[in-house]
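User: I've got this model open and would like a close look at one part of it, with enough of the surroundings to see how that part fits in. Please keep it informal and spell out the cut-offs as you go.

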Amino acid sequence: MFRPVLTAGAAVALVAAASFAPSSASSQGVPPPDRVVIDVVAVNGSGCPAGTAAVAVAHDNTAFTVTYSRYLAQVGVGAKPTDFRKNCQLGLNIHVPQGFTYAVAKADYRGFAHLESGASGMERASYYFQGMSQTTSVSHRFTGPVSDDWQTTDVTGAADLVYAPCGVSRILNVNTELRVGAGSSDPATTTSFMAMDSTDGSVSTVYHFAWKECP
């Protein structure tokens with residue numbers, strides 16, 4: 001469904017073909033019939049050093065994905081004092097055909113967590129448009145003991161969707177964060193971590209668009 005097109009630190013266009021799955025129309029709106037172009041203008045943060053995040057766009061204009069290779073927060077044996085928190089900020093300039101606008105309706109996050117008994121973890125994400133005060137922010141918390149894949153989904157209700165202004169170019173900022181705390185576990189003898197990465201490229205964060213026509 002997706003085709004990789006760039007790595008972090010580059011600013012290149014992502015072009016989506018003009019096909020659409022009718023089953024998505026009722027919940028996400030009908031995507032524009034012409035291509036959507038996304039310029040990645042910024043990829044910054046300790047969770048996505050240059051060259052470690054790849055972005056892909058769906059052929060049907062319904063979503064885009066981000067795949068990380070070094071997004072890992074950890075505490076305990078082998079961890080640096082600053083490793084308990086990792087973050088990544090994406091700045092996206094999304095060019096849509098005239099007469100349409102978009103919002104981020106849903107985001108799916110995936111990774112792996114190993115939390116010792118007493119340790120905790122958190123995944124947080126926020127979305128906002130440049131120059132606009134409305135911010136959507138969602139946090140998910142995890143408690144040990146756990147050693148397994150994790151997945152979270154952020155869904156914004158139709159009434160709360162924040163759409164890009166019609167006819168105005170605004171950068172969409174997507175911020176993510178992972179945190180791990182030792183809690184009552186012993187960081188001198190154990191290691192707890194949360195990862196939002198994949199060595200084989202099979203684990204991706206998926207951002208789903210909602211579309212509507214401008215007045």
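Analyst: What follows starts with strand β5 and works outward from there.

Some housekeeping: this is a predicted model, where local features need pLDDT of at least 70 and side-chain atom pairs count only at pLDDT 80 or more, while totals for chains, interfaces and linings use all residues. Residues are numbered from 1 along each chain as its sequence is written, and side-chain values use heavy atoms, with hydrogens and water left out.

The protein has one helix and 14 strands (DSSP runs numbered from the N terminus: H or I of at least four residues for helices, E of at least two for strands). Strand β5 covers residues 63-68, and six of the six are buried, so the rest of the structure largely encloses it. Buried here means under 20% relative accessible area, exposed means over 50%, and partly exposed is in between (1.4 Å probe, protein chains only). For the protein as a whole, 46% of the 215 residues count as buried.

Now look at which way the side chains go. A63, T65 and T67 point one way from β5, while F64, V66 and Y68 point the other way, and all of them are buried.

β5 has a partner in strand β4 (residues 53-58), which runs antiparallel to β5 and is joined to it by five bridges (two strands pair if DSSP finds at least two bridges between them). In that pairing, A56 sits opposite T65. β5 is also joined to strand β14 (residues 205-213), again antiparallel, through four bridges. T65 turns up here too, standing opposite V206 in β14.

The link between β4 and β5 deserves a pause. The two strands make a hairpin with four residues between them, and N61 lies in that loop. N61 has a positive phi of about 65° although it is not a glycine. Most residues other than glycine have a negative phi, and most peptide bonds are trans. N61 is also buried, with a relative accessible area of 2%. On the peptide-bond side, there is a cis bond between G144 and P145, with omega at about 5°; P145 is in the loop between β10 (135-143) and β11 (146-155).

Back to β5 and what its side chains meet. The largest nonpolar core has 43 residues, and F64, Y68 and Y207 touch the most other members. Such a core is a set of buried Ala, Val, Leu, Ile, Met, Phe, Trp, Tyr and Cys residues joined through side-chain atoms within 4.5 Å. Strand β8 (residues 100-115) gives the largest share of this core, seven residues. Apart from this core lies another one, of five residues, among them A103, A105, L161 and Y163.

Y207 is a handy residue to click on. Leaving out residues up to four places away in sequence, Y207 touches A63, F64 and V66, among others, and its list also includes T62, V104, Y109 and Y127 (contact means heavy atoms within 4.5 Å). Links between distant stretches of chain show up in the whole protein too: of the contacts with a separation of 6 or more, 79% are between residues 24 or more positions apart.

Two of the residues on Y207's list, V104 and Y127, also help line the largest cavity, together with residues including F129, L161 and L172. A cavity is a set of points on a 1 Å grid over the protein atoms alone where a 1.4 Å probe fits but cannot get out, and lining residues have an atom within 4 Å of a point. The largest cavity holds about 100 Å³ of space, a volume being the space filled by probe spheres set on points joined across faces, edges and corners. Strand β9 (residues 120-129) gives the most to its lining, with three residues.

One last stop is S126, found in strand β9. S126 is buried, with a relative accessible area of 13%, and its contacts beyond four places in sequence include S137 and N173. S126 and N173 are 47 residues apart in sequence but 8.1 Å apart in space, C-alpha to C-alpha. S137 lies in strand β10 and counts as partly exposed, at 48% relative accessibility.

Definitions and conventions: 1 Å grid on protein atoms, 1.4 Å probe; cavity = no way out; pocket = protein on both sides within 12 Å on 5 of 7 lines; lining within 4 Å.
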